[in-house]
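Work through the following exercises with the sequence and the model side by side, and try each task before reading its solution.

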Amino acid sequence: MSEPTSAPTGATPEGLPAQAKGVSVPSPDEHQRVETLAEEAARPDSAFVRIMNSSVGRNLGLVIALLILLIVGVVTAGDRFASTDNVLTILRLASVIGVVSIGMTFVIIGGGIDLSVGAIVALSSVWATTLATQTMAEDVHWIVMVFVALAVGIGCGLVNGTLIAYGRMAPFIVTLAMLAAARGLAEIISDRKTQIVDVNEFVDFFNGRLLGIPRLVWIFAVVSAAGWVLLNRTTFGRRTIAVGGNAVAARLAGISVKRHTVMLYVLLGLACGIAAAMLTARTTTGSSTHGLLYELDAIAAVVIGGTLLTGGRGTIVGTVLGVLIFTTLTNVFTLNNLDTSTQNVAKGVIIVLAVVLQQRVAARNGST
């Protein structure tokens, strides 16, 4: 009677080698490498790493950058920079572009982009300061001028959103066309002339102060707070993140992606209308040249604030800090008599560094 034979190592139950059955057998070295990677993945990150990878950590970096700018301003410009009047000037200048940037944050988180915000601000300011509008404001109430500015901004946002969502056109193309059309329409309405605001109540309200702080700054603060609540505490905010993260998955989850896209651009149009009213009151004019390069400044502030250009992630707090960083940088350069060309170069470098940092963080998070 023959003794039973044992199957060789790496053989199948039928006694044939695993390679003969088409089954790959990992080597001991590969086994060890897989086990090591599994242990590293299972090992919890340190508290510091978790904080730095969170929105709190990213915002902390922005706060540090802002503090460095403040120190540079104090060292280079002294009391001219550190004075209360200059601080309020920085906040007042940041308020208008800040309101636009809050709206831009929602659009970019939702996976879109808008190059027409500056032109929409210009068109809204011109339409709100026409003779007919100002006459009606004097007969009824100065709030009419605000309503006109908001209506124009919302209308432009509705056109953008509809063409993008239902016309299936690229956001870049649609908003580029709106940039040209809105700026051109503003020039036609104003006949390329600056329109002076004669409604003193309108100017006095926006240029007034509350508790010693300009009302424009309070408006920016209210819009920022409302934006934070809308993004972080409402269904609209969760849907915005879902649409920007994966539009197909959002649609399968029951979200009307097209309708939500339209709402995002309408929201940005509303922000442009508010900014137009603020800018008109601050300059006491309506002009087709208002809002030049606002699209650059708004997108830059949003990107610096940590919002991904690919959509799906972003913070209102980060955007506010990004606006303050750029406005403070401009103020420091102005006080030190540096020309606008140098300022634009510095802004370009900062934008590139921010995008590179975003890509590195995204790649690291994807690899883990």
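The exercises below go from the whole chain to single helices and residue pairs.

This is a predicted model, in which local features need pLDDT of at least 70 and side-chain atom pairs count only at pLDDT 80 or more, while totals for chains, interfaces and linings use all residues. Residues are numbered from 1 along each chain as its sequence is written, and side-chain values use heavy atoms, with hydrogens and water left out.

**Exercise 1. Describe the chain as a whole.**

Begin with secondary structure: the chain has 17 helices and 4 strands, where helices (H or I, at least four residues) and strands (E, at least two) are DSSP runs numbered from the N terminus. Next take burial, where buried means under 20% relative accessible area, exposed over 50%, and partly exposed in between (1.4 Å probe, protein chains only); of the 368 residues, 43% count as buried. Then consider the surface, about 19300 Å² of which is exposed by the chain, with carbon and sulfur atoms supplying 65% of it; such areas come from the Shrake-Rupley method with a 1.4 Å probe, and for residues only the protein chains shown count as cover. Finally, with contact meaning heavy atoms within 4.5 Å, residues 24 or more positions apart account for 76% of the contacts with a separation of 6 or more.

**Exercise 2. Determine which side of helix H10 is buried, and what covers it.**

First list the buried residues of H10 (residues 200-207), which are Phe202, Val203 and Phe206. They lie on the same side of H10 because they cover an arc of only 95 degrees around the axis, the arc being that of the directions from the helix axis to the C-beta atoms. An α-helix has 3.6 residues a turn, so residues three or four places apart point the same way. Turning to the face away from the buried side, one finds the exposed residues Asn200, Glu201 and Asp204. The cover over the buried residues of H10 includes helices H8 (143-165), H11 (215-232) and H14 (257-283).

**Exercise 3. Trace what leucine 150 touches beyond its sequence neighbours.**

Leucine 150 is part of helix H8 and counts as buried because its relative accessibility is 18%. Leaving out residues up to four places away in sequence, leucine 150 touches Leu270, Gly273 and Ile274. Leucine 150 and glycine 269, although 119 residues apart in sequence, are 7.8 Å apart in space, C-alpha to C-alpha.

**Exercise 4. Explain why cysteine 156 forms no disulfide.**

A disulfide is a covalent bond between the sulfur atoms of two cysteines, and the criterion used here is a pair of cysteine sulfur atoms within 2.5 Å. The closest cysteine sulfur to that of cysteine 156 belongs to cysteine 272 and is 8.4 Å away, so it is too far for a bond. Cysteine 156 is buried at 9% relative accessibility, and cysteine 272 is buried at 0%. Over the whole structure, the search finds 0 disulfides.

**Exercise 5. Locate the salt bridges and classify the exposure of their residues.**

With a salt bridge taken as a side-chain nitrogen of Lys or Arg within 4 Å of a carboxyl oxygen of Asp or Glu, the structure holds 2. One joins arginine 192 to glutamate 187 at 3.4 Å, N to O; arginine 192 is exposed with a relative accessible area of 68%, whereas glutamate 187 is partly exposed with 26%. Another joins aspartate 191 to lysine 193 at 3.9 Å, N to O, and both aspartate 191 and lysine 193 are exposed.
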